[in-house]
Amino acid sequence: MALTPDHFTGPFTGRTIAGLAEDLRHGRATSAELTGAALDAIAALNPALNAFVTVDAEGAMAAARRADDELAGGVDRGPLHGVPVAVKDLIMIAGLRVTMGSRHFSEHVPEADAACVARLRQAGAVIVGTTTTHEFAYGPTGDRSAGGPARNPWDPGRMTGGSSAGSGAAVAAGLVPLALGTDTGGSVRIPAALCGVAGFKPAYDAIPADGVFPLSRTLDHVGVLAGSAEDCLLAYTCLTGPTGREDGGVRVAWLDPDGLFPGDPRVVRTVHAAAGPLEEVRLPEGIADTLRETYTTIQSCETAAVHAGRLATAPELFDSEVLERLRVAAEVPGWRYVRAMDTRAGLAAVVGALFDRHDVLALPTVPITAPPLGLRETEIDGRPAAVRAALLALTSPWNVLGLPALTIPAGTVDGLPVGLQLVCPLGREPVLFEAARAIRSALRQG
């Protein structure tokens with residue numbers, strides 16, 4: 001199953017972080033060479049993809065030379081040492097323009113690194129630039145940004161998904177082997193799935209969000225996008241520490257996605273086939289609606305609070321669609337927020353019961369393929385559906401609950417990638433990667 005777009009292939013297409021690390025340590029490559037290749041590929045392909053907002057060629061090459069000097073001197077910071085990476089354009093990078101995808105911050109240059117960026121530097125990674133985000137991360141489509149839409153490497157007329165839009169495009173096109181993103185309702189997993197790469201949203205606050213511009217403070221997660229689950233795990237452990245391994249077999253169940261949102265039958269069939277024959281489980285009646293309402297209420301109120309000052313003083317600087325969403329969000333009353341937070345606490349126990357007999361739940365990451373840029377209404381199996389609702393439907397519940405979730409490539413429909421999402425309880429991250437490893441092995445043998 002070929003999941004690599006043949007019309008946008010950069011120097012890191014098909015290469016693993018572990019393989020790059022081995023090349024660096026055996027003298028088959030230098031960080032300066034890898035970083036130069038990334039910068040050359042960005043210069044060549046970014047005009048078509050708009051994956052990057054700010055490219056720090058000078059800073060990246062200086063960091064690469066330092067990485068080479070350290071390795072030559074016996075200083076080895078781990079698997080990311082000397083590896084070029086990208087960072088979403090709302091995660092602060094000291095001395096580099098970070099815009100949040102908005103005219104409000106068009107010339108904003110942070111003075112300090114976000115905590116996750118500091119950890120990347122400590123791990124020896126080379127930051128090459130910032131990647132396109134939906135304005136203020138407030139949208140799953142990835143096509144509303146002050147710098148224009150990110151474009152899907154499989155079809156530049158289609159969305160990458162968002163809000164970590166450029167991170168998905170950059171990894172899928174092989175411009176970098178790893179990118180940081182943020183995920184409030186699916187913003188790492190949606191672009192990963194629609195662009196045919198892997199994306200991991202860990203548990204809430206597992207990677208600190210200090211220095212990340214907030215969208216919704218109690219729903220925001222920092223996550224990683226890479227070519228494979230193995231690379232996501234490697235990057236995650238470099239940022240947080242070892243996770244260990246899961247002993248014994250991993251019990252995986254298929255969570256019927258129709259219980260959350262009706263999907264394109266071809267997408268569901270393709271993803272289910274990739275997951276393999278599994279026992280099927282369903283969410284209890286009514287829980288999907290409660291999860292959706294809880295998510296929307298919490299995100300609306302928290303996002304409106306973040307932007308209240310800008311809404312009052314400079315609304316004209318917002319993208320028109322984002323502005324309208326913010327105005328609607330600002331109308332949600334405070335009592336609904338309080339009630340939603342109370343409901344959220346009870347949902348954890350109800351959904352947690354699905355893990356009594358299973359370690360991992362498997363379902364499609366997104367129930368549709370990448371829509372055309374700008375599309376807001378579509379049809380799914382002959383029924384009208386809002387694009388935004390469809391993109392978020394299968395990912396946002398796990399943000400409400402703060403559960404770890406991983407998406408891996410699961411094939412194609414009409415020549416466009418689809419993703420398989422794996423979800424586990426808190427503290428059980430190793431089971432996700434064991435399940436992904438087993439599924440990938442079965443696909444290779446199939």
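How many helices and strands does the secondary structure of the chain come to? I am working from a predicted model, and I count 14 helices and 13 strands in it.

**Entry 1, overall dimensions.** I looked up the radius of gyration of the chain and found 20 Å. The globule rule gives 22 Å for 446 residues, so the chain is as compact as a globular protein of that length. Along the principal axes, the C-alpha atoms fill a box of roughly 60 × 60 × 35 Å.

**Entry 2, burial and surface.** I then asked what share of the 446 residues counts as buried. The value is 60%. The chain exposes about 16300 Å², and carbon and sulfur atoms supply 51% of that area.

**Entry 3, contacts and charges.** I took the contacts with a separation of 6 or more and checked how many of them span 24 or more positions; these account for 76%. For charges, I noted 37 positive and 49 negative ones in the chain. Their mean positions are 1 Å apart.

**Entry 4, nonpolar cores.** Which residues touch the most other members of the largest nonpolar core? The core has 71 residues, and I listed Ile91, Cys116, Leu120, Leu406, Leu420 and Leu422 as the answer. Helix α7, residues 229-240, gives the most to this core, with seven residues. I also noted a second, separate core of 40 residues, which includes Phe355, Ile368, Val387 and Trp398.

I followed Ile91 further. Leaving out residues up to four places away in sequence, Ile91 touches Val98, Ala114, Cys116, Val117, Leu180, Gly181, Thr182, Gly211 and Val212. Cys116 is thus a partner of Ile91 and is also on the list of core members with the most contacts to other members.

**Entry 5, backbone geometry.** Most residues other than glycine have a negative phi, and most peptide bonds are trans. I searched for departures from this.

- Gly162 and Ser163 are joined by a cis peptide bond, with omega about 10°. I placed Ser163 in the loop between β3 (126-131) and α5 (165-172).
- Met100 has a positive phi, near 60°. Met100 sits in the loop between β2 (84-88) and α4 (115-122). Its relative accessibility is 0%, so I entered Met100 as buried.
- Asp205 has a positive phi as well, near 70°. The loop that holds Asp205 runs between β5 (198-201) and β6 (221-226).

**Entry 6, Trp254.** Is Trp254 buried or exposed? I found a relative accessible area of 2%, and since the cut-off for buried is under 20%, Trp254 is buried. Trp254 belongs to strand β7, residues 252-255. Beyond its neighbours within four places in sequence, I recorded contacts of Trp254 with Val268, Val271, His272, Ala275, Leu278, Glu279, Glu280, Val281, Ala362, Leu363, Pro364 and Leu420. Leu420 in that list is one of the residues that touch the most other members of the largest core. I also took the C-alpha to C-alpha distance from Trp254 to Arg282: 8.4 Å, at 28 residues apart in sequence.

**Entry 7, Arg189.** Arg189 is found in helix α6, residues 189-195. I looked up its relative accessible area and got 0%, so Arg189 is buried. Which residues is Arg189 in contact with, leaving aside its neighbours within four places in sequence? I wrote down Asp183, Gly199, Lys201, Thr365, Thr395, Trp398, Asn399, Ala405, Thr407 and Gln421. Trp398, a partner of Arg189, is included in the second core. The C-alpha atoms of Arg189 and Val224 are 9.1 Å apart, with the two positions 35 residues apart along the chain.

**Entry 8, Ala115.** I closed with a residue of helix α4, Ala115. Its relative accessible area is 23%, so Ala115 is partly exposed. Not counting residues up to four places away in sequence, Ala115 touches Pro208 and Asp210. How far is the C-alpha atom of Ala115 from that of Arg251? I found 35 Å, for a pair 136 residues apart along the chain.

Terms used
Residues are numbered from 1 along each chain as its sequence is written. This is a predicted model: local features need pLDDT of at least 70, side-chain atom pairs count only at pLDDT 80 or more; totals for chains, interfaces and linings use all residues. Side-chain values use heavy atoms; hydrogens and water are left out. A nonpolar core is a set of buried Ala, Val, Leu, Ile, Met, Phe, Trp, Tyr and Cys residues joined through side-chain atoms within 4.5 Å. Buried means under 20% relative accessible area, exposed over 50%, partly exposed in between (1.4 Å probe, protein chains only). Helices (H or I, at least four residues) and strands (E, at least two) are DSSP runs, numbered from the N terminus. Contact means heavy atoms within 4.5 Å. The radius of gyration is taken over C-alpha atoms; the globule rule is 2.2 Å times the number of residues to the power 0.38. Accessible areas come from the Shrake-Rupley method with a 1.4 Å probe; for residues, only the protein chains shown count as cover. Lys and Arg count as positive and Asp and Glu as negative; His and the chain ends are not counted. The place of a charge is taken as NZ of Lys, CZ of Arg, CG of Asp or CD of Glu.
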